[in-house]
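The following exercises ask you to read strand pairing, burial and ligand contacts from a model. Please work through each task before turning to its solution.

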Amino acid sequence: MSAIDGLPPLREVIAAHGLTAKKSLGQNFLMDLNLTAKIARTAGDLSSADVLEVGPGPGGLTRGLLAEGARHVLAVEKDARAIGALAEIAAAHPGRLEVLNADALKIDPTAFLTPPIRIVANLPYNVGTELLVRWLTPPAWPPFWQSLTLMFQKEVAARIVARPGSKAYGRLAILAQWRCDARLVMELPPEAFTPPPKVRSAVVHLVALPEPRFPARAESLQRLTATAFQQRRKMLRASLRGLHPQIEALLESVGIAPTSRAEEIDLEHFCALAQALDASAPIAR
Ligand code: SAM
């Protein structure tokens with residue numbers, strides 16, 4: 001495909017820079033620049049925002065973000081082999097693309113960005129969930145970012161937008177929906193990527209709410225939901241026994257039947273329980 005930005009097609013970029021995909025880095029590259037521009041559009045108005053992109057690889061999504069008018073893009077890539085390809089994109093868009101050869105888990109992106117900040121990424125599968133949980137659980141809210149537009153395996157995307165009572169409902173749904181509006185915006189087949197992954201992928205768009213829907217401490221809610229869903233088929237009075245000596249009474253005090261199971265409990269009740277646990281005795285650290 002001939003590119004509108006005057007840069008070579010992605011296949012040529014990958015060949016020129018020897019970017020054969022590495023499984024250990026979760027590398028499945030998007031090759032269609034129409035598709036990457038479409039993903040960039042689902043992120044909302046980028047012209048007045050700085051964008052953090054994690055894992056730009058050969059730069060397909062980066063080029064989409066720039067083509068859609070992103071004010072400034074910080075692209076954080078762990079694979080040193082991709083830096084030459086990204087430098088060519090930066091040269092074609094003077095002053096708009098900053099490339100960091102770094103591990104996204106180890107840097108503080110706020111040092112490089114000016115709010116408002118949107119995060120857009122086709123995340124490496126091996127670190128995607130960890131990054132998402134970090135972005136959702138800072139102690140204070142609102143966070144440094146305004147929205148997250150993220151590609152995941154479809155199964156992970158379904159867990160982010162899941163409702164109580166469904167199989168996909170769990171810790172990710174609660175953490176995401178507690179502080180954000182979260183929706184699924186696009187599904188992609190394996191053939192959209194090179195090499196094609198084994199599963200379908202999906203893009204989720206999360207917009208940070210001005211404040212969480214219900215009061216709770218992020219750390220407590222995270223620990224509570226991790227414990228509750230670790231044994232999701234067990235009754236809560238059993239799965240949460242380790243959190244408090246009088247767990248049955250505590251569950252009842254916030255209107256949860258001790259015999260109910262984690263997947264039946266909505267966000268409001270999980271927040272109330274996290275608060276009650278904090279008030280009676282902090283969850284073991
Ligand atoms: N954005 C490109 C695209 O859509 O074609 C590449 C997406 S690929 C699924 C994931 C990218 O994340 C790879 O380029 C990989 O090298 C990079 N990556 C993996 N782990 C990383 C980490 N810890 N920090 C930054 N980048 C990472």
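**Exercise 1.** Determine which residue of β5 stands opposite aspartate 50, and how β2 is joined to its partner strands.

*Solution.* Begin in this predicted model with aspartate 50, which stands opposite isoleucine 117 in β5. Next, consider the strands that hold this pair: β2 and β5 (residues 117–122) run parallel and are joined by 3 bridges. Then turn to β3 (residues 72–77), which also runs parallel to β2 and is joined to it by 5 bridges; here aspartate 50 stands opposite histidine 72. Finally, follow the connection between β2 and β3, where helix α3 (residues 60–67) completes a right-handed β-α-β unit with the two strands.

**Exercise 2.** Decide how many residues of β2 are buried, and which of them point one way and which the other.

*Solution.* Start with the count: 5 of the 5 residues in β2 (residues 50–54) are buried, a term that requires under 20% relative accessible area. Then sort them by direction, with Asp50, Leu52 and Val54 pointing one way, whereas Val51 and Glu53 point the other way.

**Exercise 3.** Identify the residues that come nearest to the ligand, and describe polar contacts that the ligand makes.

*Solution.* Of the 20 residues around the ligand, first list those that come nearest, namely Leu30, Gly55, Glu77, Asp103 and Asn122. Next, examine individual atoms: a polar backbone atom of glycine 55 is 2.8 Å from a ligand nitrogen atom, and a polar side-chain atom of glutamate 77 lies 2.6 Å from a ligand oxygen atom. Alanine 104 contributes a polar backbone atom, which is 2.9 Å from a nitrogen atom of the ligand. Last, consider coverage: of the 590 Å² of accessible area that the ligand has on its own, the protein covers 99%.

How values were computed. Residues numbered from 1 in each chain as written. Predicted model: local features only at pLDDT ≥ 70, side-chain atom pairs only at ≥ 80, totals over all residues. Heavy atoms only, no water. Buried < 20%, exposed > 50% of the residue type's maximum accessible area, 1.4 Å probe, protein only. Helix = DSSP H or I, 4+ residues; strand = E, 2+ residues; numbered from the N terminus. Pairing = 2+ DSSP bridges. Right-handed = clockwise from strand over helix to strand, strands pointing away. Near = heavy atom within 4 Å. Polar contact = N/O pair within 3.5 Å; in protein donor to acceptor, adjacent residues only side chain to side chain. Areas by Shrake-Rupley, 256 points an atom, 1.4 Å probe, with all protein chains shown as cover.
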